[in-house]
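Colleague: Could you pick one part of this model and take me through it slowly, residue by residue? I would like to hear how it sits against the rest of the chain.

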Amino acid sequence: MGWISWAVFGLIAGIVAKWIMPGRDPGGFIVTMAIGIVGAMLGGWVATMFGLGDITGFDIKSFIIAVAGSLLLLFLYRRLRS
């Protein structure tokens, strides 16, 4: 996927992660997109390490991995900020 596709994919994953785990986080749109993109990469890395697959394109498995990575990153972000 191209950079714009990854940004949109990360934004959607970040929004879904914030929807699943709501809270008052600073930064708004930019932080949500950054958490989504980095979370997608983190999720792909962790899933590959455990043999669960990786992010290969825009499909449901990749989306679930990206959202899980975004949730993990959002959890860590909140723990470090508090």
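Modeller: Let's start with L71, which lies in helix α3; helices here are DSSP runs of H or I with at least four residues, strands are runs of E with at least two, and both are numbered from the N terminus. Please keep in mind that this is a predicted model, in which local features need pLDDT of at least 70 and side-chain atom pairs count only at pLDDT 80 or more, while totals for chains, interfaces and linings use all residues. Residues are numbered from 1 along each chain as its sequence is written, and side-chain values use heavy atoms, with hydrogens and water left out.

L71 counts as partly exposed because its relative accessibility is 24%; buried means under 20% relative accessible area, exposed means over 50%, and partly exposed is in between, with a 1.4 Å probe and protein chains only. Not counting residues up to four places away in sequence, L71 touches A17, I20 and M21, where contact means heavy atoms within 4.5 Å. L71 can also be placed relative to G36: the two are 35 residues apart along the chain, and their C-alpha atoms are separated by 8.6 Å.

Now for the helix as a whole. α3 covers residues 60-81. Its 22 residues should span 32 Å at 1.5 Å a residue, and the end C-alpha atoms are 31 Å apart, so the two values agree; the expected span is 1.5 Å times one less than the number of residues. The buried residues of α3 are S62, I65, A66, V67, G69, S70 and L74.

S70, in helix α3, is a good one to pause on. S70 has a relative accessible area of 0% and is therefore buried. Leaving aside neighbours within four places in sequence, S70 is in contact with A13, G14, A17, I35, G36, G39 and A40. A13 and A17 also appear among the contacts of V67, together with V16 and I20, with neighbours within four places again set aside.

V67 brings us to the packing. The largest nonpolar core has 5 residues, namely F9, A13, A40, A66 and V67, and the elements that give two or more residues to this core are α1 and α3. A nonpolar core is a set of buried Ala, Val, Leu, Ile, Met, Phe, Trp, Tyr and Cys residues joined through side-chain atoms within 4.5 Å.

F63 is found in helix α3 too. Beyond residues up to four places away in sequence, F63 touches F9, I12, A13 and V16. The C-alpha atoms of F63 and G43, 20 residues apart along the chain, are separated by 9.7 Å.

What about I64, buried or exposed? I64, also in helix α3, is exposed because its relative accessible area is 53%. Its C-alpha atom is separated by 9.2 Å from that of A40, and the two residues are 24 apart along the chain.

Further along α3, G69 pairs nicely with G44: they are 25 residues apart in sequence and 7.4 Å apart in space, C-alpha to C-alpha. G44 has its place in helix α2, residues 28-49, and is buried, with a relative accessible area of 9%.

I12, one of the residues that F63 touches, also helps to make a nonpolar surface patch of about 420 Å² with I4, V8 and F58. Patches are made of residues with over 30% relative accessible area and no salt bridge, joining like charges within 9 Å and nonpolar side chains (Val, Leu, Ile, Met, Phe, Trp, Tyr) within 5 Å; a salt bridge is a side-chain nitrogen of Lys or Arg within 4 Å of a carboxyl oxygen of Asp or Glu. I4 is found in helix α1, residues 3-20, and is exposed, with a relative accessible area of 70%.

Finally, the setting. The chain has 3 helices and 0 strands, and 30% of its 82 residues count as buried. Among contacts between residues at least 6 apart in sequence, 64% join residues at least 24 apart.

Terms used:
Accessible areas come from the Shrake-Rupley method with a 1.4 Å probe; for residues, only the protein chains shown count as cover.
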